[in-house]
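User: Hey, can you walk me through this one? I'd like to start with the ligands.

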Amino acid sequence: MTTHPNDATPAEADVVVVGAGFAGLYLVHRLRSAGLDVVGIEAGSDVGGTWYWNRYPGARCDIPSMLYSYSFDEDLVKEWDWPEKYSAQPDILAYLNHVADRFDLRRSFRFDTRVRRADFDDHTGRWIVATEGGGVLSARHLVTAVGALSKSKPPEVPGLERFAGRWMHTGAWPQEDVDLAGKHVGVIGTGSSGIQVIPILAEGAAKVTVFQRTANFTLPAKNGPIDPALVERMREDYPAEHVAARRSLFGIPAERPTKSALEVSEEERTATFTERWNRGELIGVLSSYYDLLLDRAANETAGEFVRDRIREIVEDPALAEALVPQGYAFGTKRPCLDTNYYATYNRPNVRLVNLRETPLVGITEAGVQTEAEEHPLDVLVFATGFDAITGPLTAMGIHGRDGVPLTEAWKHGPVTYLGLSVPQFPNLFTVTGPGSPSVLSNMVVSIEQHVEWISDLILSMRERGVATIEATEVAAKDWTAHVQEVAEATLYPETDSWFTGANVPGKPKVFMPYVGGVGRYRRICDDVAAADYRGFVTR
Ligand code: FAD
Ligand code: NAP
């Protein structure tokens, strides 16, 4: 073994898995069941990932719970009861705890441990993984299950250190209950997290001031107790619905639209959008017509439909206009599902501050200063999002062949083969990495597909006595070009969002997820495996 900055003797494992969310838990289960020696490393104190960290009031999934759960084990599907159509964070966390207990997964994890550096050792063909606190591990494979939305974006507003009140980020919400009774709470950010937390804060706090930079499109969740008939049908038909999800565009079974929004009458369009709006689905309205994410004029029909709903719900016309999203195509920032979001602005204790009109200047001792006034606050909530998709990977200090840092390899944007593998980084696999459908899908479907594909590859390498495998430069270049080409045929890249990295100052602006669809992507991955892992080289 080559020398390493940290001279502690490395513990040996076949695979190091980083992360204990949906992805890390399933990876450990699957690889361990196949007889491999697996060590999981997790920065948090327990399992859950997203659902461990995002404990803000109102946090819940926006994919139906029956589909936002594992499908790999029939008994697990049949024994777990989801309480709601879209279940809340405590229920999702309870589910992941149940999975950890059921498959005895915790014994393979080191919690409260953060990977700070990982080096590929060219001589031994192994990864040397160093953790904060001085631990070192050596493993043949390094699999990142670090999540696409796990690195909270720090608030980019000056003066926070001066603030005399309490502040928190939705992505790292305190473990204990936060008492907001009688408090004046400010919220910066109106993405999915802000849209979920604001209505609940408005019910519990004396006053809520929302600082909005960009108005978002959100649709009603129409949440409620889960339909027992649906549960019964999905259990009886298992795995039919899950198979349909795997073959679909977004990891959710849905009819494929055949019509253009522009080929039908306005009456027909409005009737279709209304029916979809009333279903309470994330992709309902967006999948009414095939060209809503392809053609500006088609998209405008759906965008205008949603804008009109906002104008109906919000009583004050000027306030409604401030909440109406403008200037980008509906669906090109990730849409949101809400419960009472727009209606919350009819409450007397809620105020909207439009940062486009009165930009944010900074944080003062008393609260938030805009160009127009100072807003005194007791509590300030940052719902400002994440350094998404690449952020958790580039923060890990990963170094490949010849000590090349991942940050250097990706300095102009991520280059991957299938979103799974990076040239010069042998035996490293990135679950839901850039260039895979990941965040453009029901992520549990995408996670299961990646975990199974990666595990099969690792097991096949063992059987064949292959020490290292890595994507070729050509395969990664071609795949990355394909990811861009498919994206450019849509409206997505036109919009600044966390999909493109535009939300993080200084981050290269590249559309990161694969928009080709979950079903198509799965077929491509399966073909690569069937063709003896075409596009990879082994040693
Ligand atoms: P995560 O759950 O993010 O877990 C990654 C783990 O890796 C974290 O616990 C983190 O602490 C750990 N980690 C990261 N870096 C290191 C390191 N260097 N060392 C040690 N540990 C590290 N997706 C959907 O499809 N539907 C939804 O409804 C949905 N709702 C969401 C709601 C919220 C509030 C958020 C933030 C995301 C949501 N997502 C949703 C996306 C969600 O992240 C995924 O669905 C899924 O939970 C990701 O699982 P994961 O295991 O890949 O990653
Ligand atoms: P987000 O979508 O990135 O939203 C962040 C918000 O903060 C945006 O409104 C952004 O405005 C604003 N913002 C960021 N920096 C700011 C600054 N310096 N000053 C003022 N405003 C600032 O983040 P998110 O809401 O946490 O959601 C991220 C993703 O997580 C979602 O898209 C979704 O995939 C997932 N999620 C899902 C759910 C769910 O319903 N299941 C809930 C939460 C999160 P701009 O748009 O102008 O940048």
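Analyst: Sure. Helix α2 gives the largest share of the shell around ligand 1, three residues. Keep in mind that this is a predicted model.

User: Which elements each supply at least two residues of that shell around ligand 1?

Analyst: There are α1 (22-33), α2 (50-53) and α14 (443-464), and each supplies at least two residues of the shell.

User: How many residues surround ligand 1, and which are closest?

Analyst: Ligand 1 is surrounded by 32 residues, and the closest are Glu 42, Thr 50, Asp 62, Tyr 68 and Met 443. Sorted by class, the shell has 19 nonpolar, 10 polar and three charged residues.

User: OK, how far is the polar side-chain atom of Thr 50 from an oxygen atom of ligand 1?

Analyst: That polar side-chain atom of Thr 50 sits 2.7 Å from an oxygen atom of ligand 1. Trp 53 also has a polar side-chain atom placed 3.0 Å from an oxygen of the ligand. With Phe 22, a backbone N or O atom lies 3.1 Å from an oxygen atom of ligand 1.

User: And how much of ligand 1 does the protein bury?

Analyst: The protein buries 95% of the 980 Å² that ligand 1 exposes when taken alone.

User: Cool. Moving on to ligand 2: which residues come nearest?

Analyst: Arg 60, Ser 193, Arg 213, Thr 214 and Arg 334 come nearest, out of 25 residues around ligand 2. The helix that gives the most to this shell is α5 (residues 192-204), with three residues.

User: How does the shell around ligand 2 split by class?

Analyst: You get eight nonpolar, nine polar and eight charged residues.

User: What about polar side-chain atoms beside an oxygen atom of ligand 2?

Analyst: Arg 213 has one 2.8 Å from an oxygen atom of ligand 2, and Trp 498 has one at 3.1 Å from an oxygen atom of that ligand. Thr 190 uses its backbone instead: an N or O atom there lies 2.9 Å from an oxygen of ligand 2. Taken alone, ligand 2 exposes 900 Å², and the protein buries 88% of that.

User: New topic, pockets. How do you look for empty space anyway?

Analyst: You roll a probe the size of a water molecule over the atoms, and that shows where empty space is left.

User: How much space lies in the second largest pocket?

Analyst: About 660 Å³. The pocket has 33 lining residues, and nearest its centre are Leu 249, Phe 250, Arg 256, Tyr 290 and Val 515. Both α7 (240-247) and α16 (518-530) give two or more residues to that lining.

User: Which element gives the most to that lining?

Analyst: That would be α16, with four residues. Going by class, the lining has 22 nonpolar, six polar and five charged residues.

User: Does UniProt have anything on domains here? What does it list for residues 14-236?

Analyst: An unreviewed UniProt entry lists residues 14-236 as "domain: FAD/NAD(P)-binding". Across that stretch the chain is 26% helix and 23% strand, with the end C-alpha atoms 38 Å apart.

User: Last thing: backbone oddities. Which peptide bond is cis?

Analyst: The one from Tyr 238 to Pro 239 is cis, with omega near 5°. Pro 239 is in the loop that runs between α6 (228-236) and α7.

User: And which residue other than glycine has a positive phi?

Analyst: One is Asn 427, where phi is near 60°. You'll find Asn 427 in the loop between α13 (406-409) and β18 (428-430).

Note on methods:
Residues numbered from 1 in each chain as written. Chains lettered and ligands numbered in written order. Predicted model: local features only at pLDDT ≥ 70, side-chain atom pairs only at ≥ 80, totals over all residues. Heavy atoms only, no water. Near = heavy atom within 4 Å. Polar contact = N/O pair within 3.5 Å; in protein donor to acceptor, adjacent residues only side chain to side chain. Areas by Shrake-Rupley, 256 points an atom, 1.4 Å probe, with all protein chains shown as cover. Nonpolar A, V, L, I, M, F, W, Y, C, P; charged D, E, K, R; others polar. 1 Å grid on protein atoms, 1.4 Å probe; cavity = no way out; pocket = protein on both sides within 12 Å on 5 of 7 lines; lining within 4 Å. Points joined across faces, edges and corners; volume = space filled by probe spheres on them. UniProt positions renumbered as here; feature names shortened; annotations may be inferred.
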